[in-house]
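Okay, thanks everyone, I'll keep this short. Have the structure open while I talk, and stop me if I go too fast.

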Amino acid sequence: MQDQDLQSIANQLSCPEGDAGIDIGNKMNVLNQIITSQTIEKLSPQKGESIIEIGPGNGSLSLPILENLGRNGHYLGIEMSEVMAEELQRNLAGNHCTTKVVYGDCLEVQLKNESIDGVIGVNLLYFIKDLSIFFKHIFKWLKPGGRVAFGVRSDKSLKQLPFTQFKFHIRTTAEIKFLMKDAGFKAVESSFFNKEMVPFGDTIIQADSVIITGKKS
């Protein structure tokens, strides 16, 4: 592939646009099914909680979160892609708990301090330029005892993909955990899951999973 093709893939992965964005969203549902399930399991949403998902895409993989939250739960999806936010709104309508979709940058979203039980994000952290600011921002949202769970691919796995030279901010697991601790998170832990062969459109790629969790005291 030419650089412009690789850059186009990276652009769509970071912020899907138009019909191509809808297509990439559907492909990511297949690629991310396992890592999303692992991340949700680590977050362990409970009945009646308030949970934020940052970068949920079209929301097809978010439905287990809503099921866990139940009728008294609250789900807020923050999505930077306009087309994904529209798809998310449609896919979550009438499902299980109170839902709200916000289209925009999560760093610009202002919520009441200590009002959220948990924050989840899958394949999100590479697209955030300053993780220190990000972690401190979401830390304020969490209630005491609140927790976070982030699903990522390892830095070694990402560096093997040609399009990650564009748009991606690749970091080691140790770097991410250090920044979380610096923001105030406690009990910061990571779990590594071996590579699996997963479909991405017409190709098959190797993808591992790293789930990083933390809590607010």
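I'll go through one strand, then a cavity, then a few single residues.

Before anything else: this is a predicted model. So please hear every value as computed from that model.

Let's start with strand β1, residues 50-54. How many of its residues are buried? It's 5 of the 5, so β1 is largely enclosed by the rest of the structure. If you look along the strand, S50, I52 and I54 point one way, while I51 and E53 point the other way. That fits the usual pattern: in a regular strand, side chains alternate between the two faces of the sheet. Here, both sets are buried, and yes, that includes E53.

Now, who pairs with β1? With β2, residues 74-79, there are 5 bridges, and the two strands run parallel. To get from β1 to β2 the chain goes through helix α4, residues 63-69, and that β-α-β crossover is right-handed. There's also β4, residues 116-122, which pairs with β1 over 3 bridges, again in the parallel sense. If you want one residue to click on, take I51. It stands opposite Y75 in β2, and its bridge partner in β4 is G118.

Next, the empty space. How many cavities of 30 Å³ or more are there? The count comes to 2. The largest cavity holds about 70 Å³. It's lined by 12 residues, and the closest to its centre are I34, R153, E196, A207 and S209. By element, α3 (33-43), β6 (186-200) and β7 (203-215) each give two or more residues to that lining. The largest share is from β6, with 4 residues.

While we're on α3, its buried residues are I35, T36, Q38, T39, I40 and L43. For the geometry behind that sort of list, remember that an α-helix has 3.6 residues a turn, so residues three or four places apart point the same way. Right after α3 comes S44, and its phi is positive, near 55°.

Okay, two serines now. S154 is in the loop between β5 (142-152) and α7 (155-159). Is S154 buried or exposed? Its relative accessible area is 9%, and the cut-off for buried is under 20%, so S154 is buried. Its side chain makes a polar contact of 2.5 Å with the side chain of D208. Leaving out neighbours within four places in sequence, S154 is in contact with F192, D208 and V210.

The other serine is S157, which is in helix α7 itself. S157 comes out at 3% relative accessibility, so that one counts as buried too. With sequence neighbours within four places left aside, the contacts of S157 are K195, Q206, A207 and D208. So D208 turns up in the contacts of S154 and in those of S157. And A207, a contact of S157, is one of the residues closest to the centre of the largest cavity.

Last one: I22, in helix α2, residues 18-31. At 25% relative accessibility, I22 counts as partly exposed. Beyond residues up to four places away in sequence, I22 touches V83, M84 and E87. Also, the C-alpha atoms of I22 and N58 are separated by 8.2 Å, though they're 36 residues apart along the chain.

That's my tour, so over to you for questions.

Technical notes: Residues are numbered from 1 along each chain as its sequence is written. This is a predicted model: local features need pLDDT of at least 70, side-chain atom pairs count only at pLDDT 80 or more; totals for chains, interfaces and linings use all residues. Side-chain values use heavy atoms; hydrogens and water are left out. Buried means under 20% relative accessible area, exposed over 50%, partly exposed in between (1.4 Å probe, protein chains only). A polar contact is a pair of N or O atoms within 3.5 Å; within protein, one must be able to donate a hydrogen and the other to accept it, and residues adjacent in sequence count only if both atoms are side-chain atoms. Contact means heavy atoms within 4.5 Å. Two strands pair if DSSP finds at least two bridges between them. A crossover is right-handed if, with the strands pointing away from the viewer, the path from the first strand over the helix to the second runs clockwise. On a 1 Å grid over the protein atoms alone, a cavity is a set of points where a 1.4 Å probe fits but cannot get out, and a pocket is an open set with protein on both sides within 12 Å along at least five of seven lines; lining residues have an atom within 4 Å of a point. Grid points are joined across faces, edges and corners, and a volume is the space filled by probe spheres set on the points.
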